[in-house]
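Let's take a friendly walk through a protein model and look at a few of its details. Keep the structure open while you read.

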Amino acid sequence: MKVGKAGKAGPHAAYIAREGQYANRLERGEKLEATEAGNMPAWAQSNPLAFWQAADAYERKNGTTYREMEIALPRELDAEQRAALVREFVRQEIGDRHAYQWAIHTPTAADGQEQPHVHLMFSERQRDGIERDPEQYFKRYNAKAPEKGGARKGYGPSAGQTLTKAERAAELKELRGRWGAMCNAHLERAGVEQRIDMRSHAERGTGLEPERKQLPSQWRGQGRANVIEFRQARAELAEARQELARAVPDARAEVIHLEAERQRREQAQREACERAEREKAQQERQRLERMSSRELAAEIAKLRPPPVRDLVERDPAVIEADQQRRALEEQHHDACTREAMARHEAEQWRQAHPLRAKAHDSGLFRSAYLDERAKIEAEARQEWLTVAPRIEDAALRGRQARSDAEVRITVEQTPIRAKVAELEALQKEKARQEREAEAKRLAQKRIEAEREAVPKDFKLMAQKRELRVGGWGDRGEQWQAAPEGLKKLIDGYNAAPKEMRPAILDRILNDGQRREQVRELLAEQRQQYRANDRGMSR
């Protein structure tokens, strides 16, 4: 299934029908076996190429001008039978809903036999019985007044619906299934034994390795030799299997025994690898758990992969595709420039020599200069017309290369990105634990500092009480704010002889419970004093 953009429909229709510049084109002995068109509007019934040229001219710039099915045909059918198969498939899938054109090409395959295939082009525009001129036909559809707009777009069972990639793949698989059923019906009708099967070798369980797809550039030279060698090797493998069946009649029992032994050894090897992986993972977890949040951040920075977009732009396939596209764009620009220059030079010559130009145009006297300019202009135009489709193909290859690289790199980075996400979660938890531990450490340090300040603060308060200074007299604010327990301790301390006071202070400090009580009494005195002071301020 292929999609054609604006500017591609006319040239491609000419290519498949071998018209215009493609009339004498032969590739690998390829010949045009049959071609037909149908469901064309009145203005294109006698000239289908006009329909596709109108699509190029009037479809929106980024619109789809055509869709194409390129289908391999059985070489076991003759030319008439192949054409009949194509016509019935077109009636089934296209019907009278879309304008179409098809052509059967028959080049020579690698084995020297025919390789028939059909190009089926059709427009997504739906026929609704309303006659429209070329410009209106390709305009936007008007649902309220269809006769004022263009033909409606939509193809297939889900026409007009937006499908997911999986849904599009399912529809394509169903289309291939319908083709397979119809093709096999025609083979049976023709008395041909062979059948086609749209399933893969894996789905059919053949045990065969599929051939790799060969691009046209890969098919030349060694690529062609590689395919032929592959097919010979596959045939030899099939013959070897038959020989083995003849030599070892009970090979199935032997294979079952060997398969069981192979599975046992593989299971033992898998278990050993799993144990080693578990031990390695355990060691890695222990190493990471010993790290601080800062060390984990450094580990994350070291493991984090570069952005996918940056790696995509550095991908060799993407770089090569971009280089090819730019080279073609430069060639296209140069050809357009040569065409414009030749046209400009011819116009200047005509202005400088009006009589000679008139004689040239009437055929009385040919101007070599104008003929040369016309030749240059025609060659340049032919060159950029040839290069233009190749630019779009190169751009498509570039987009595909980017898409492939992005998918591949994303898949490759999935494990390491999952590892980074795991480390980020661990680093976040470590940072939280470190903050909590630091908060606890600071709180404990503050409590220890308050405890160490108990003897100094108590002794200072006792001295102020003894001297009755700074609000520590009987009616002083500091003394009034002191709780009764603290007053008793201070008065008891001051009543003792001075030589005994250090021993009393040591007893208070050495008893942890008593020291904590004194600390709380001191804190209560300060809090009460501040509360009284604020009350007086108000």
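In which helix is the place of Asp-322? Asp-322 sits in helix H12. Before we look around there, keep in mind that this is a predicted model.

**Asp-322 and its helix**

Is Asp-322 buried or exposed? With a relative accessibility of 10%, Asp-322 counts as buried, because the cut-off for buried is under 20%. The side chain of Asp-322 makes a polar contact of 2.7 Å with the side chain of Arg-402. If you skip the neighbours within four places in sequence, Asp-322 is in contact with Glu-313 and Arg-402.

Now zoom out to H12 itself, which covers residues 316-352. H12 has 37 residues, so at 1.5 Å a residue it should span 54 Å, and the end C-alpha atoms are indeed 54 Å apart. Asp-322 has company among the buried residues of H12: Val-318, Ala-321, Leu-328, Ala-335, Glu-339, Ala-342, Ala-346 and Trp-349 are on that list too. Have a look at the start of H12 as well, where a side-chain oxygen of Asp-315 reaches to within 3.1 Å of the backbone nitrogen of Ala-317.

**Helix H3, one side and the other**

Next up is H3, made of residues 79-93. H3 has 15 residues, and the distance from its first C-alpha to its last is 21 Å, close to the 21 Å expected at 1.5 Å a residue. Which residues of H3 are buried? They are Arg-82, Ala-83, Leu-85, Val-86, Phe-89, Val-90 and Glu-93. These buried residues cover an arc of only 155° around the axis, so they sit on the same side of H3. Turn to the other side of H3 and you'll find Glu-80 and Arg-91, which are exposed.

What covers the buried residues of H3? The cover includes four strands, E2 (31-38), E3 (64-72), E4 (98-106) and E5 (117-126), along with helix H5 (165-189).

The ends of H3 are worth a click too. At the N-terminal end, Asp-78 acts as a cap, with a side-chain oxygen 3.2 Å from the backbone nitrogen of Glu-80. Just after H3 comes Gly-95, with a positive phi of about 60°.

**Two pairs of helices**

How do the axes of H1 (residues 9-17) and H2 (residues 48-58) cross? They come within 7 Å of each other and cross at roughly 155°. That angle makes H1 roughly antiparallel to H2, because angles over 145 degrees count that way. On the H1 side, the contact is made by Ala-9, Gly-10, Pro-11, Ala-13 and Ala-14, while H2 brings in Leu-49, Trp-52, Gln-53 and Asp-56.

The other pair is H15 (residues 454-467) and H17 (residues 484-495), whose axes come within 10 Å and cross at roughly 75°. That makes H15 roughly perpendicular to H17. The contact uses Phe-458, Lys-459, Met-461, Ala-462, Arg-465 and Glu-466 from H15, and Leu-486, Leu-489, Ile-490, Asp-491, Tyr-493 and Asn-494 from H17.

**Positive phi outside glycine**

Here's a bit of background: most residues other than glycine have a negative phi. Asn-39 has a positive phi near 60°, and Arg-468 has one near 55°. Where is Asn-39 found? Asn-39 is in the loop between E2 and H2, whereas Arg-468 lies in the loop between H15 and helix H16 (477-481).

**Four residues and their accessibility**

This little table shows how accessible some residues are.

| Residue | Relative accessibility | State |
|---|---|---|
| Asn-39 | 18% | buried |
| Gln-218 | 37% | partly exposed |
| Arg-468 | 46% | partly exposed |
| Arg-519 | 17% | buried |

Two of these residues haven't come up yet. Gln-218 belongs to helix H7 (residues 216-219). Not counting residues up to four places away in sequence, Gln-218 touches Lys-213, Gly-223 and Arg-224. Arg-519 is in helix H19 (residues 512-537). Which side chain does Arg-519 join in a polar contact of 2.5 Å? The partner is the side chain of Glu-516.

Definitions and conventions:
Residues are numbered from 1 along each chain as its sequence is written. This is a predicted model: local features need pLDDT of at least 70, side-chain atom pairs count only at pLDDT 80 or more; totals for chains, interfaces and linings use all residues. Side-chain values use heavy atoms; hydrogens and water are left out. The expected span of a helix is 1.5 Å times one less than its number of residues. Buried means under 20% relative accessible area, exposed over 50%, partly exposed in between (1.4 Å probe, protein chains only). The arc is that of the directions from the helix axis to the C-beta atoms. Contact means heavy atoms within 4.5 Å. A polar contact is a pair of N or O atoms within 3.5 Å; within protein, one must be able to donate a hydrogen and the other to accept it, and residues adjacent in sequence count only if both atoms are side-chain atoms. Axes are lines fitted to C-alpha atoms, for helices over the stretch in contact, and angles run from 0 to 180 degrees between N-to-C directions. Angles under 35 degrees count as roughly parallel, over 145 as roughly antiparallel, 65 to 115 as roughly perpendicular and the rest as oblique.
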